[in-house]
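Q: I would like a close look at one part of this model, taken together with whatever surrounds it. Please work outward from that part in one connected account.

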Amino acid sequence: MRIIVPIKQVPETSNVKMDPITGTMIREGIENIVNPLDLYAIETAIKLKEKYGGKIIVISMGPEKAVEAIKEAIAMGCDDGILLSDKKFAGSDTFATSYVVAKAIKELGDFDLVICGERATDGDTGQVGPGIASFLDLPLSSFTSEIVSVENGKIRVKRLVEEGYEEIEMMLPAVLTVVKEISDPRLPTLRGKLKAKKVEIPVWDAQKINAEEDKIGLKGSPTRVVKIFTPKVTREGEKVIVKDEKTLHQAVDKIMDYLIEKELI
Amino acid sequence: MREVWTLAEFRHGKLNTVSLELLNRGKSIAEKLNAPLASVIIGYQIKKEDIDELIERGADKVYVVDDKRLENFIVETYAKVILKLLDEYNPDIFIAAATTTGRTLMPYIAVKKQTGLTADCTVLDIEEETGNLLQTRPAIGGNILATIKTPNTRPQMATVRAHSTKPALPDRNRVGEVIYKQFSDDVFSSKTKYIRFIKNESQQVNIQDAKIIVAGGRGLGKAENFKLIDELAELLGGAVGASRDVVDRGWKTYPHQIGLSGKTVSPALYIAVGISGAIQHIAGMQTSENIIAINKDHDAQIFKIANLGIVGDLNEILPLLIERIKDYKKKEANLNV
């Protein structure tokens with residue numbers, strides 16, 4: 001199987017600290033990591049390769065330093081990587097990003113599967129995976145939670161939806177976006193790390209992927225950011241401290257009063 | 001005036017209630033633009049009462065595509081049907097709920113229409129000077145809000161977070177136009193086959209649809225203590241949520257996980273028990289209407305976003321709270337006899 005895994009490098013947001021005065025994110029000392037949800041896509045690809053053989057190509061669109069993310073994926077067990085980097089890509093929204101990634105995938109030639117994380121933890125849109133499928137005109141399974149089987153040019157999967165799971169069967173090639181439930185990402189191995197160190201990651205620009213200039217970067221993005229602001233998250237309400245039997249009852253009274261007053265019960 | 005469209009989701013013989021909330025969103029936008037509001041409903045054996053309900057809740061027009069081949073959600077087929085409608089009627093705005101369907105279908109359609117799409121909006125408004133749709137959404141784990149617009153392409157598309165608004169009250173006398181559409185076979189072709197639906201055993205897993213969520217975190221101490229959370233949720237008619245910590249420990253399964261790597265929810269009431277309030281958890285629930293936090297750590301971050309905070313031992317508080325709610329319900333039941 002030939003599998004392509006598009007990934008994104010994101011700021012490590014689990015340790016994000018907010019400036020209490022300005023209410024903005026403190027970016028100093030924040031590491032860049034592979035989007036945590038992409039690790040499940042990488043692991044899914046590696047599992048499929050272990051079972052059916054083949055090759056995994058990781059692609060990432062971003063600045064030069066995004067090479068680190070590609071190398072980490074290779075250290076986990078992917079084979080090759082390509083960095084999509086060009087000043088002309090800057091400011092791309094989800095439409096333009098899907099276009100660039102889809103164009104790069106076309107340039108890579110034949111493949112069986114494109115596997116994406118469900119969404120990136122920074123932009124948090126989940127639109128690029130389905131967007132890639134649409135640009136490539138391929139069947140799509142979003143929120144994929146299990147790969148049931150791969151045979152006779154078809155893949156059968158389960159998707160996690162609101163009230164349960166849907167099982168669907170798609171003709172290959174197809175696009176998957178995967179949720180956390182699908183796999184348990186492995187850590188990079190020492191051998192993998194050595195390999196990642198040595199491997200050359202080619203950099204592809206807009207010209208290499210034959211991207212039309214009016215579909216990339218800020219110019220090619222149909223959406224515009226009007227403004228960015230910080231939400232008022234602090235609504236610190238009343239706090240009741242339980243110290244003894246009496247305050248315990250008072251605390252529970254408070255909860256009951258609140259539920260009744262707000263008609264939540 | 002070009003229309004404002006909302007997607008009405010119809011599946012397993014039912015109209016999804018989030019579609020009614022969405023219609024209310026559409027209504028306020030359409031009113032500002034003085035434009036007609038229309039709903040698109042596609043599926044199989046769509047009931048007349050559901051179409052009527054869309055009209056009673058604000059739709060001036062309902063576009064209906066009813067076909068056996070639309071019984072189950074297949075993104076390629078649904079997209080082709082909707083693209084046909086979009087091409088024919090050219091609405092100005094098209095919004096869908098940010099459900100698994102909306103978040104799959106809308107990006108697929110937006111790319112084909114070469115237009116902009118904003119994910120998971122919590123606020124929609126109209127820019128006075130231009131009439132453009134202003135779409136506001138949380139980003140970077142809810143730490144910032146961004147307002148986005150699609151100035152040059154149409155339709156302007158957005159998915160809207162479920163439960164971020166309430167449905168309008170129905171007006172049984174409201175009238176609207178119903179337009180039935182049929183398409184040729186090629187519209188229904190796809191490379192995907194629907195096999196089956198596997199319903200969740202536990203009714204409590206569907207956290208994104210729940211009006212009330214009781215969520216547990218590491219502070220519960222052990223998996224067995226989740227029984228208290230389960231019981232409280234059931235009593236309140238709510239769903240059970242969990243922090244990433246406890247899902248990683250196997251105390252609850254992934255569909256219960258709330259936060260950056262789980263689900264984003266905004267119920268009417270969120271009760272956080274033994275959850276410290278790591279930023280990635282808060283990102284998934286901070287837009288809840290009412291938040292009650294129970295935690296033994298006085299300085300837990302969760303208290304900063306709670307309307308009511310209780311500092312204490314959950315093993316004391318929960319059993320007493322459960323008992324009180326049971327008493328209250330008994331009294332209420334007696335009053336209503």
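Which exposed residues does the face of α8(B) turned away from its buried side carry?

A: In this predicted model, the face of α8(B) that points away from the buried side carries Glu323(B), Lys326(B), Asp327(B), Lys330(B), Lys331(B) and Asn334(B), which are exposed. The buried residues of the helix are Leu314(B), Ile317(B), Leu318(B) and Leu321(B), and, viewed down the axis of α8(B), the buried residues fall within an arc of 90°, so they line one face of the helix. Such a pattern can be read against the general geometry: an α-helix has 3.6 residues a turn, so residues three or four places apart point the same way. The length of the helix can be checked as well, because the 22 residues of α8(B), 314-335, should span 32 Å at 1.5 Å a residue, and the 31 Å between its end C-alpha atoms agrees with this.

The cover over the buried residues of α8(B) includes elements from both chains, namely α6 of chain A and, from chain B, α5, β15, β16 and β17. Three of these names, β15(B), β16(B) and β17(B), recur in an open sheet of six strands with parallel pairing, ordered β13(A)-β17(B)-β16(B)-β15(B)-β13(B)-β14(B). The edges of that sheet are β13 (238-241) of chain A and β14 (239-242) of chain B, each of which has a single partner strand, so one side of each is left without a neighbour in the sheet. On average, neighbouring strands of the sheet are turned by 15° against each other when direction is ignored. Within the sheet, β13 (212-216) and β15 (269-273) of chain B run parallel and are joined by five bridges, with Ile213(B) standing opposite Tyr270(B) of β15(B).

The two covering helices also lie across strands of this sheet. Helix α6 of chain A, residues 245-261, lies across β13 of chain A and across β16 (290-295) and β17 (308-311) of chain B, and runs at about 160° to β17(B). Helix α5 of chain B, residues 226-236, lies across β13, β14 and β15 of chain B, at about 175° to β13(B).

These elements belong to a wider meeting of the chains, in which 77 residues of chain B are in contact with 72 residues of chain A; on the chain B side, the residues divide into 40 nonpolar, 24 polar and 13 charged. Another pairing between the chains is antiparallel, with β12 (224-229) of chain A and β9 (144-149) of chain B sharing five bridges, and there Ile228(A) has Ala146(B) as its bridge partner in β9(B).

Methods. Residues are numbered from 1 along each chain as its sequence is written. Chains are lettered from A and ligands numbered from 1 in the order in which they are written. This is a predicted model: local features need pLDDT of at least 70, side-chain atom pairs count only at pLDDT 80 or more; totals for chains, interfaces and linings use all residues. Two residues are in contact if their C-beta atoms, placed from the backbone, lie within 7 Å. Ala, Val, Leu, Ile, Met, Phe, Trp, Tyr, Cys and Pro count as nonpolar, Asp, Glu, Lys and Arg as charged, and the others, Gly among them, as polar. Two strands pair if DSSP finds at least two bridges between them. Helices (H or I, at least four residues) and strands (E, at least two) are DSSP runs, numbered from the N terminus. Axes are lines fitted to C-alpha atoms, for helices over the stretch in contact, and angles run from 0 to 180 degrees between N-to-C directions. The expected span of a helix is 1.5 Å times one less than its number of residues. A residue is buried if 20 or more other C-beta atoms lie within 10 Å of its own, exposed if 12 or fewer, and partly exposed in between; C-beta atoms are placed from the backbone. The arc is that of the directions from the helix axis to the C-beta atoms.
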